Amino acid sequence: MEVPLYQGFVLAVTITREAIDEFRRFQRDKEVNSQLYSKLTVRGKVQVKSSDIQVGDLIIVEKNQRIPSDMIFLRTSEKAGSCFVRTDQLDGETDWKLKVAVSCTQRLPALGDLFSINAYVYAQKPQLDIHSFEGTFTREDSDPPIHESLSIENTLWASTIVASGTVIGVVIYTGKETRSVMNTSNPKNKVGLLDLELNQLTKALFLALVALSVVMVTLQGFVGPWYRNLFRFLLLFSYIIPISLRVNLDMGKAAYGWMIMKDENIPGTVVRTSTIPEELGRLVYLLTDKTGTLTQNEMVFKRLHLGTVSYGTDTMDEIQSHIMNSYSQMYSQASGNNTSSTPPRKGQSSAPKVRKSVSSRVHEAVKAIALCHNVTPVYESRAGVTGETEYAEVDQDFSDENRTYQASSPDEVALVQWTESVGLTLVSRDLTSMQLRTPGGQILTYCILQMFPFTSESKRMGVIVRDESTAEITFYMKGADVAMSTIVQYNDWLEEECGNMAREGLRTLVVAKRALTEEQYQDFESRYSQAKLSVHDRMLKVAAVVESLEREMELLCLTGVEDQLQADVRPTLEMLRNAGIKIWMLTGDKLETATCIAKSSHLVSRTQDIHTFRPVTSRGEAHLELNAFRRKHDCALVISGDSLEVCLRYYEHELAELACQCPAVVCCRCSPTQKARIVKLLQQRTGKRTCAIGDGGNDVSMIQAADCGIGIEGKEGKQASLAADFSIAQFRHIGRLLVVHGRSSYKRSAALGQFVMHRGLIISTMQAVFSSVFYFASVPLYQGFLMVGYATIYTMFPVFSLVLDQDVKPEMAMLYPELYKDLTKGRSLCFKTFLIWVLISIYQGGILMYGALLLFESEFVHVVAISFTALILTELLMVALTVRTWHWLMVVAEFLSLGCYVASLAFLNEYFGIGRVSFGAFLDVAFITTVPFMWKVSAITVVSCLPLYVLKYLKRKLSPPSYSKLTS
């Protein structure tokens, strides 16, 4: 039987495609697993494969090498005892992170001494959080035993890359326990809605097949071994089930993917999941990240506010002159006293408060911004220097042009670059000290006593520095206004100014300071180191000690940094809104910034009301807030992640219902898992298709959860674009991707799928008519070769050329995004259109068969020839009927298929000169070339196709589709 043969071919195509993907993955894994690393043993260095590394090994990692497993950082070749790592593969941030070696092992004179000490590392059990770690390092053979607390800055996580120096670490987690592996969720296999719909139709066809076979056997009257006949009928009619549909669709999807990648208007677009291009045409919800997606993640310093004075971009030169004056005064004083022990022009902290001049306040503020940060100036080494000497100071070029800043957030870099522009330059920084250069060229050295890094819980960072020249100790702090407003001394302007800046779309930071005496600092230091050694609740204890310092701090200034919008964000969002797509913005940023970006990007139109959902913590509050929100109509919703959690816990259904009616929703302060939960909530509650777009590692979970994930190759690394189904270069490309490619992919696949079904149905109808005319005999109408030829060589190309069909030009689709709206209803492929195709197939199959039986003259042998030729012609004409816009390849395909068929009529005769009735008669060349054969075939074809042409013409005249109104 030829069906299994054909099925084998279909499965082989699909399996081969999957196998190639699998094999590529296997090769990539093997490459990573077989990378060689140096392992330190008592006998010296040995080379090991990364797959053979075990917990407890001492591994040496060179500069620019990938760290193979999670390690504790023991030593480095750098003098400072610290190194930088690049973490873009782990958390999606492109900046470098500073890591610190365990001081006990860093102090050892030589590498080999690591084996002469008796020490152990205690590490907590493997966890998900890449930003925290608790452990201790204990050396037992010293007197007394040395205990060191280990935190996140002593760890080197797998998948990060060493950016400076050579590091030696002891392995603590490997394989599935490493942070990077624990953070990758297994993404679900995404199946497009169109595929699911076609599966439903195929099930319906299967039922039809069984029913038809049963009817045939019943009409036979259950004579003899009827169940054997039932199976023969099942095989005869098996063409009802479109096996070739899978192959055609898979090839179609590959073609769409190729077209998307070849489109010059959206360069750099990559299709990573080739199975769902039609999904792009069915989207209702678009969930987007803010930073780096809608905005460029490039910060520019815009505003400095001192409470009474505000400086904008046009008045920065005033700040510059204030700074010049301050420092020139300082030096005249200092040189006058000839000693640097007395504090130059700054009263001791115990002195009564005197209202300071503007100049000194500007100076204080700029100094605070220049000192309170986590930025490191990096100088590119001169080329041609190799080996350890690369890190010697001599070889480095300390000129201004050669300096770049590395930091954990672009905001910080913007601040430090600004202080450089007004005259206070950060020249160098290591773990213990920082050096600033004044406008006069003097170098000021500050000793870093403590560093409190920024966390998303505390929303602030701090540093305690000692001025080397005056021995003054100052605690500087900067952070978000919500966190800082309770810490600084009472004032009447902070809150109002923060609101003003946020309305302009600026990100605000509040800067404050507090002078400490030596005694105060020593007291703090002892309590702090005590807290850092505790194994239980370390975080809480440390936070409590730091909070004892954060009281009554002197408010210095408020800074505003602007995050600029990506190119063409506004027109793109406008277009998507007109296309009927509801846009939700999910961001980790604070409420004010999120709201202001939503306004400036026109996510929320100017006239619309914005309802800000008040922070709620309990069920009652959530109930009241939801009721307040229910009374408002057609307004955008802004809600924070915490309030969202509360509402989802108690009122999931109500919240989803209300939010889905909103034209736009902004969720701020969302964690990555919350983003994914919102996506899943929309999918479950509405059943509509969702699309997530983001650019950072924090958007990966949302991208993988959505029906269709789009990643942007952004500042924050490639993680999102690698995890996504489609990767684009800029946000504005999404418009064309959806409105043009998504729309046409869906339309084409719908036409293609239904056509392939029609192709199988028509031949099954002919078989049914044939069998019923000949007393329900289970005899095949066409022999195997014809059947396989019918499904492949004779009709494959024209049917597949439907992939090139388009109803409107791309320019029109972009101009009228409203056309996209029609698709979300899914009318191109539903049971209604399917039934129309079934009726067409039954009508045509019946006409073809009865026509052939009526017109054959006494010799039955010619039925096969006439009906099969008419069938091929009908199929080719039907393709022509379905096509909306002709493409030259379609015409080629039509004529090619016709040519193949005519050629095979001539050739099959010579190759298969078989004596069997059907073939021998079928290939009677003399008969084929006669006039009666020609007119009979033409007559049958005309009867089967003309009515459909007439109907189509009438339908277009009476109820034209929306796109034809535009093209006319």
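This section describes the sheets, aromatic pairs, cavities and one pocket of a predicted model.

Two open sheets are considered first. One of them is built from 6 strands in the order β2-β1-β3-β12-β4-β10, with antiparallel pairing. The edges of this sheet are formed by β2 (44-49) and β10, each of which has a single partner strand, so that one side of each is left without a neighbour in the sheet. Within the same order, in which β12 is followed by β4, strand β4 (residues 70-76) and strand β12 (residues 167-173) are paired in the antiparallel sense over 6 bridges. In this pairing, I72 stands opposite V170 in β12.

The other open sheet has 3 strands, arranged as β7-β8-β9 and likewise with antiparallel pairing. Here the edge positions are taken by β7 (119-123) and β9 (146-150); each has a single partner strand, and therefore one side of each lacks a neighbour in the sheet. From one strand to the next, the twist averages 15 degrees. The antiparallel pairing of strand β8 (residues 135-139) with β9 extends over 5 bridges, and R139 is placed opposite I146 in β9.

Aromatic contacts were then examined. A pair of aromatic rings is described by the distance of the centres and the angle of the planes. Across the whole structure, the search finds 17 aromatic pairs. One of the pairs joins F133 and W157 in an edge-to-face arrangement, with 6.0 Å from centre to centre and 80 degrees between the planes. Because F133 belongs to the loop between β7 and β8, whereas W157 belongs to the loop between β10 (155-156) and β11 (161-162), the pair ties together parts that are 24 residues apart in sequence. F133 is buried, at a relative accessible area of 4%, and W157 is also buried, with a relative accessible area of 4%.

A further pair, between Y521 and F524, is tilted, with 6.4 Å between the ring centres and 40 degrees between the planes. These two residues lie 3 residues apart in helix α13 (residues 518-533), and Y521 and F524 are therefore separated by about one helical turn. Y521 counts as buried at 5% relative accessibility, and F524 is buried with a relative accessible area of 0%. Both residues belong to one aromatic cluster, which is formed by F452, F475, Y521, F524 and Y528.

Enclosed space was analysed next. Rolling a probe the size of a water molecule over the atoms shows where empty space is left. The count of cavities of 30 Å³ or more comes to 3. The largest cavity has a volume of about 110 Å³ and is lined by 12 residues, among which Y239, I243, S244, G760 and A791 lie nearest its centre. At least two lining residues of the largest cavity are supplied by each of α22 and α23 (784-794), and the largest share, 3 residues, comes from α22. By class, the lining of the largest cavity divides into 8 nonpolar residues, 3 polar residues and 1 charged residue.

The second largest cavity has a volume of about 90 Å³. Its lining divides into 12 nonpolar residues, with no polar and no charged residues; among them are W584, L637, I639, L644 and C667. The elements β28 (636-640), α18 (641-661), β29 (664-668) and α19 (672-686) each contribute at least two residues to the lining of the second largest cavity, and α18 provides the largest share, with 4 residues.

Among the pockets, the second largest holds about 1500 Å³ of space. This pocket is lined by 34 residues, of which R827, T833, R884, K955 and Y963 are the closest to its centre. At least two residues of the lining come from each of α22 (733-773), α26 (818-824), α27 (831-855), α28 (862-882), α32 (931-958) and α33 (962-967). The helix that gives the most to the lining of the second largest pocket is α27, with 7 residues. By class, the lining of this pocket comprises 18 nonpolar, 6 polar and 10 charged residues. Helix α22 thus appears in two of the linings described, since α22 supplies at least two residues to the largest cavity and at least two to the second largest pocket.

Definitions and conventions
Residues numbered from 1 in each chain as written. Predicted model: local features only at pLDDT ≥ 70, side-chain atom pairs only at ≥ 80, totals over all residues. Heavy atoms only, no water. 1 Å grid on protein atoms, 1.4 Å probe; cavity = no way out; pocket = protein on both sides within 12 Å on 5 of 7 lines; lining within 4 Å. Points joined across faces, edges and corners; volume = space filled by probe spheres on them. Nonpolar A, V, L, I, M, F, W, Y, C, P; charged D, E, K, R; others polar. Pairing = 2+ DSSP bridges. Axes fitted to C-alpha atoms, helices over the stretch in contact; angles between N-to-C directions. Phe/Tyr/Trp six-rings, centres within 6.5 Å; stacked < 30°, edge-to-face > 60°. Buried < 20%, exposed > 50% of the residue type's maximum accessible area, 1.4 Å probe, protein only.
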